[in-house]
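Trainee: I'm new to this one and would like a close look at a single part. Could you walk me through the place where the two chains meet?

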Amino acid sequence: MITLDDMSLSIEDFNRCIEDIVNTSDNLIDGWRFEQNEELENGKYIIKKEQKVLSQDQEDDINHVLTFEYHIAFNISYGVPVLCFNVWKQDGTMLTVEEFWKLNERFKESNMYDTITQMDHPVLRRPFFTLHPCRTHEIMEPFLEESKNPVVSWLTVVGPFVHLDLNEEYVKMCS
Amino acid sequence: MSDNLSYVQISSSVNPSFWNKLSELKLNVYKLDESKHSIWGYHTIINSTSCPITLMEVDSTSFNREFTAHNQYLPFHGWILNTNTIEQFKECDKVELINSEGHKLYQHIINEDVFKDTSLLNRFFILSFADLKKFHYYYWFSFPVPRHVVVEKIDACDLENVFSPEEVETLHSAYKNLDCTQRSYFIVKKESGKMLEICTLAFQLKSITLEDKDNYYFVFHNISNDKNAVGSPFRNYVAFLLYYCDFLQNKIVNFISFNLSRTGSQVTCRKSIVYKLKLPMKTKDFYTSWVGWEKNERDKMGPKLANMKNTLDPSVIAENAVDLNLKLMKWNLLPSIDLDNIKKTKCLLLGAGTLGCSVARTLLGWGVRDITFVDNSTVSFSNPVRQSLFTYQDSVDMKSKSKAAADNLKNIFPGVNSVGHQLTIPMPGHSVGESLLEQTKESVKKLTQLIKDHDAIFLLLDSRESRWLPTLIGNVENKILINAALGFDSYLVMRHGVYSQNDTIQASDHPEGCKVITGNNLACYFCCDVTAPGDSLKGRTLDQQCTVTRPGVSQIAGALAVELLISVLQHKHGVLAPAYYSTAQTVPMQEMTASGDSVLGLVPHSIRGFLSSFEQILPATEKYKNCVACSDLVINEYKEKQMEFLLNVFNSSKHLEDVALLTEMFKDTDFEEVLEFSDEDFSA
Ligand SMILES: [Zn+2]
């Protein structure tokens, strides 16, 4: 049975959470910024770019500089935030989902591994790597009541699987 | 003996959006214009801890008129020269190009532009050629710096060893108060007993003398992530300083490599380094000889190629997305499914009506890339609502169905290779006069060739007779034949047995209560229907000729026809997959998940559904030895006499009954009893 009083995150809650993230980020010069498609109810999302060096496999010792672009948007049908990201090499070519998995073999045993897939971005409607939102609610649920910023709390859980680490200042926002 | 200061080469990082924007500008604005266009490059003001390589990025905002990202990035001034041909890209004089860019920088130095905006010393340019059809971008970055700047490193120590914590704090807050244009390079003045002063180059530089030079620290915002080196634009700084302070040649000068870094939540400049550097003598060609072309991924002096097809070509994006969807099925549910086998199966759809459209769409869903249509009619006004590949406009234009279906399929998915053939399939009992003789022969040849060129043949025609010839040829050619026919509220979907003499495949153990027929012993559409396919179009009422069916029936049957093909393809024996059928009411088919022969389960022989009761049954029938289409009698006659036999059959279906020895049989059989089901129930 579907109950309406089920705890979930509203778009307003989401927008407030990401606004707080951007404010904190501005103080930290951490790079999160707003984007918006005003035609959509869930049009607000935030973006951050980060460069990392990951080596593809053992035998090849060339370091690949990869740019990760993280997006946090709101998925209306699941009623949860979505972490989408794209990864590209220095010449601008994007990693395929298989290439990305190859870089992340170490997560193979965790059940988070199989939730990284490619889905359409909730706002941009283009394919992005995505942490599949089906398990997000489950992860978020305890935070909805306890955390002042459930989006941040959720990110601290799932972020490390996609190389996204949050500064401690964000975590302070939750309590 | 002290070391020389080492420089870090800047590495370019191109955001995909940069190529996107360049293509857009090339198409709409630049066109054939080959002049230089100003762009911005970005370097983060906080040195990264996760990336040891010094990157300068460009993205779609690089083409903006103003630089607006000062709170996060240091600007690099640059331009792009996009050539019209690959030859121009290759042939243009690279030495001359970089020297002329160096000269421009020299002009900025001597006419005092650098005082107004110190970031002018951070420069780059891109030589590029964009092959927009292939989404290939050839490019070469250059970060011009004077060739002869050898600086001797006399001493290097941490900022905090030279300045007090208060002074470090002053430096940082004064930096933040500087105008954006003055943050890349500035001056710190430290006189004993006085407060630390932070000044712009414009304010201070010209008043410095050889005598008081030791009171000054020349600051540069260092872009190197390597602590032991400085970014290559430092050489431009030296060129600039020596122009205005000639007396600093061969002298030891104080520098601060200004470095912002993050510790916890704090951003500080404490990681900055104070250098004592001995500046060089200006050679004759100090301001005229420039270097700085970026090395490519093979560490050679040469251009790079970005193949952006996967990222920017929408048709490739669509193809990858379709493939990914199927791969997700493989990864998540069916690890052993062979998607490539499906993808490379070439499908021939005989009939582009309700069934043909529905079959084609479902094939697309499975990732099939080669779909050929054969039909002889044009799109009528009643077609588009039931035949999912057509539009109203196709009927206005009276387009041929086969052509319209192929075109529209490509509109739906450009990755498909789809062709339409306008062709009437010759039929038994439809006599061929002199005038039509050549055309008929031509049609037989064309159909035969098409069947040979494909792997799976779908019989989706609207009359029983037209299925005869493709059944025969498909059988002889050992192709997978899938047949679908519709009644008003019923459907039949079946696979034909193959003509295979030397097969030894035995069906694996089958559950109790069911029987099995091997793949080469399965009946064809005509096996169950005893009389030869005569002229069924003659003497019928209108509703027998036209497709009068519940609209959903064709969608169901079309989808089942494709799923049946896919199950055949995934079975380890393929077309020879045995068919099981239940002989006892107690064994529901769902429980007959026999053997590990196929990941998709059982492969039935036929599927019959009835919408009047929403029921479906899965009968399996053996080949009939006197079949007019698939019996050895008929096949051998065809193999022997070829066209002569076919023409005889077209002229009289009675001939077929003779060959199949049916004429003989009818003498002593009650016709009505033999007839298991009539085609009238199952006309498409
Ligand atoms: Zn037969």
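Mentor: Here is a walk through the interface, from the side of chain B. Keep in mind that this is a predicted model. To set the scene, chain B has 684 residues, 54% of them buried, and its fold counts 23 helices and 28 strands.

Now to the meeting place itself. Chain B brings 35 residues into contact with 27 residues of chain A. Together the two chains bury about 2400 Å², with carbon and sulfur atoms giving 53% of that area. Three residues stand out here: B:Arg262, B:Ser265 and B:Trp331 supply 18% of what chain B buries against chain A, more than any other three residues.

What about charges and polar groups? The rule picks out 4 salt bridges across this interface. One of them pairs B:Lys327 with A:Glu98, and their closest N and O atoms lie 3.6 Å apart. There are also 11 residue pairs in polar contact between the chains, counting pairs with both residues at pLDDT 80 or more.

So which pieces of chain B do the touching? Strands E2 (11–14), E4 (55–58) and E18 (304–307) each give two or more residues, as do helices H1 (16–30) and H10 (314–332). H10(B) has the largest share, with 5 residues. Sort the touching side of chain B by class and you get 19 nonpolar, 12 polar and 4 charged residues.

Notes: Residues are numbered from 1 along each chain as its sequence is written. Chains are lettered from A and ligands numbered from 1 in the order in which they are written. This is a predicted model: local features need pLDDT of at least 70, side-chain atom pairs count only at pLDDT 80 or more; totals for chains, interfaces and linings use all residues. Side-chain values use heavy atoms; hydrogens and water are left out. Contact means heavy atoms within 4.5 Å. Buried area is the accessible area (1.4 Å probe) that two parts lose on being put together, summed over both. A salt bridge is a side-chain nitrogen of Lys or Arg within 4 Å of a carboxyl oxygen of Asp or Glu. A polar contact is a pair of N or O atoms within 3.5 Å; within protein, one must be able to donate a hydrogen and the other to accept it, and residues adjacent in sequence count only if both atoms are side-chain atoms. Helices (H or I, at least four residues) and strands (E, at least two) are DSSP runs, numbered from the N terminus. Ala, Val, Leu, Ile, Met, Phe, Trp, Tyr, Cys and Pro count as nonpolar, Asp, Glu, Lys and Arg as charged, and the others, Gly among them, as polar. Buried means under 20% relative accessible area, exposed over 50%, partly exposed in between (1.4 Å probe, protein chains only).
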